Amino acid sequence: MKLVIQRVSQAKVSVDNKILGQIDQGFCLLVAFADEDNDETIEYMARKVANMRIFSDSDDKMNLSILDVGGKILSISQFTLYADTKHGNRPSFTGAGNFETSKNKYDQFNQVLANHGLQVETGEFGADMQIDLTNDGPVTILMER
């Protein structure tokens, strides 16, 4: 599983000019799965996201979690995180998980985030989406398991 966490002051996702998900302060997550990812992987990554302390406290130190600040999640599926660019100029995506299996894992991941007490907005799995966001900081973190 690969994940990009972007701390945002606002983010929204649209398909065909229709807004599917929208948040104010929180995280815009770009999420991709491999076939070998399992329940343990999903639980681990969701727990890390919920407890990642990258919001500023009163001393302006990154010490607060998304739960501490009442932030929300905009979760976007993005298989291109598995791009292999080692050979040639056209990326290979063979490391990305099977479409149907990854869709199920994506739904499960979002549910586990919600189980941690987070409000989760999503795009449409597999769709051509337009993402509009304001990266706060900027703070962008890559995670892989």
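Me: OK, helices (H or I, at least four residues) and strands (E, at least two) are DSSP runs, counted from the N terminus. With that in hand, where does Gly123 lie?

Reply: In this predicted model, Gly123 sits in the loop that links strand E7 (120–122) to E8.

Me: Is Gly123 buried or exposed?

Reply: Gly123 is buried: its relative accessible area is 14%, and the cut-off for buried is under 20%.

Me: What is Gly123 in contact with?

Reply: Setting aside neighbours within four places in sequence, Gly123 is in contact with Val13, Leu20, Ser75, Ile76, Tyr106 and Met129.

Me: And how far apart are the C-alpha atoms of Gly123 and Arg53?

Reply: They are separated by 25 Å, and the two residues are 70 apart along the chain.

Me: New topic, the hydrophobic stuff. How many residues are in the largest nonpolar core?

Reply: That core has 25 residues, and the ones with the most contacts inside it are Leu3, Ile5, Phe27, Leu29, Val49 and Phe109.

Me: Which strands and helices each supply at least two residues of this core?

Reply: Strands E1 (2–15), E3 (26–32) and E8 (130–144) do, along with helices H1 (39–51) and H3 (99–115). H1 gives the most to this core, with five residues.

Me: Let's zoom in on Phe27. What does Phe27 touch?

Reply: Leaving out residues up to four places away in sequence, the list includes Ile5, Val8, Val49, Met52, Ile54, Phe55, Ile66, Ile73 and Leu74. Gln6, Arg7 and Lys72 are also touched by Phe27.

Me: How many residues does the other core have?

Reply: The other core has 11 residues and lies apart from the largest one. Among its members are Val4, Val13, Ile23 and Met129.

Me: Back to E1. How many bridges join E1 to strand E2?

Reply: Five, and E1 runs antiparallel to E2, which covers residues 18–23. Val15 stands opposite Lys18 in E2.

Me: What do E1 and E2 form?

Reply: A hairpin, with two residues between the strands. Asp16, in the turn, has a positive phi of about 50°.

Me: And Ser14, which strand is that in?

Reply: Ser14 lies in strand E1. Ser14 is buried, with a relative accessible area of 13%. Apart from residues up to four places away in sequence, Ser14 touches Ile19, Leu20, Asp128, Met129 and Gln130.

Me: Now Asp57. Where does Asp57 lie?

Reply: Asp57 is in the loop between strand E4 (55–56) and strand E5 (62–64).

Me: How far away from Asp57 is the nearest side chain of opposite charge?

Reply: That side chain is Lys61, 7.0 Å away, and Asp57 has no salt bridge although it is buried.

Me: So what does the side chain of Asp57 reach?

Reply: It reaches the backbone nitrogen of Asp59 at 2.8 Å. The Asp57 side chain also makes a polar contact with the side chain of Asn63, at 3.4 Å. Beyond neighbours within four places in sequence, Asp57 is in contact with Asn63 and Leu64.

Me: Last one. Which helix does Asn110 lie in?

Reply: Asn110 lies in helix H3. Asn110 counts as buried because its relative accessibility is 8%, and the limit for buried is under 20%.

Me: What is Asn110 in contact with?

Reply: Not counting neighbours within four places in sequence, Asn110 is in contact with Ser75, Val120 and Thr122. The C-alpha atoms of Asn110 and Ala46 are separated by 8.1 Å, though these residues are 64 apart along the chain.

Notes. Residues numbered from 1 in each chain as written. Predicted model: local features only at pLDDT ≥ 70, side-chain atom pairs only at ≥ 80, totals over all residues. Heavy atoms only, no water. Core = buried A, V, L, I, M, F, W, Y, C linked by side-chain atoms within 4.5 Å. Buried < 20%, exposed > 50% of the residue type's maximum accessible area, 1.4 Å probe, protein only. Contact = heavy atoms within 4.5 Å. Pairing = 2+ DSSP bridges. Lys, Arg positive; Asp, Glu negative; His and termini not counted. Salt bridge = Lys/Arg side-chain N within 4 Å of Asp/Glu carboxyl O. Polar contact = N/O pair within 3.5 Å; in protein donor to acceptor, adjacent residues only side chain to side chain.
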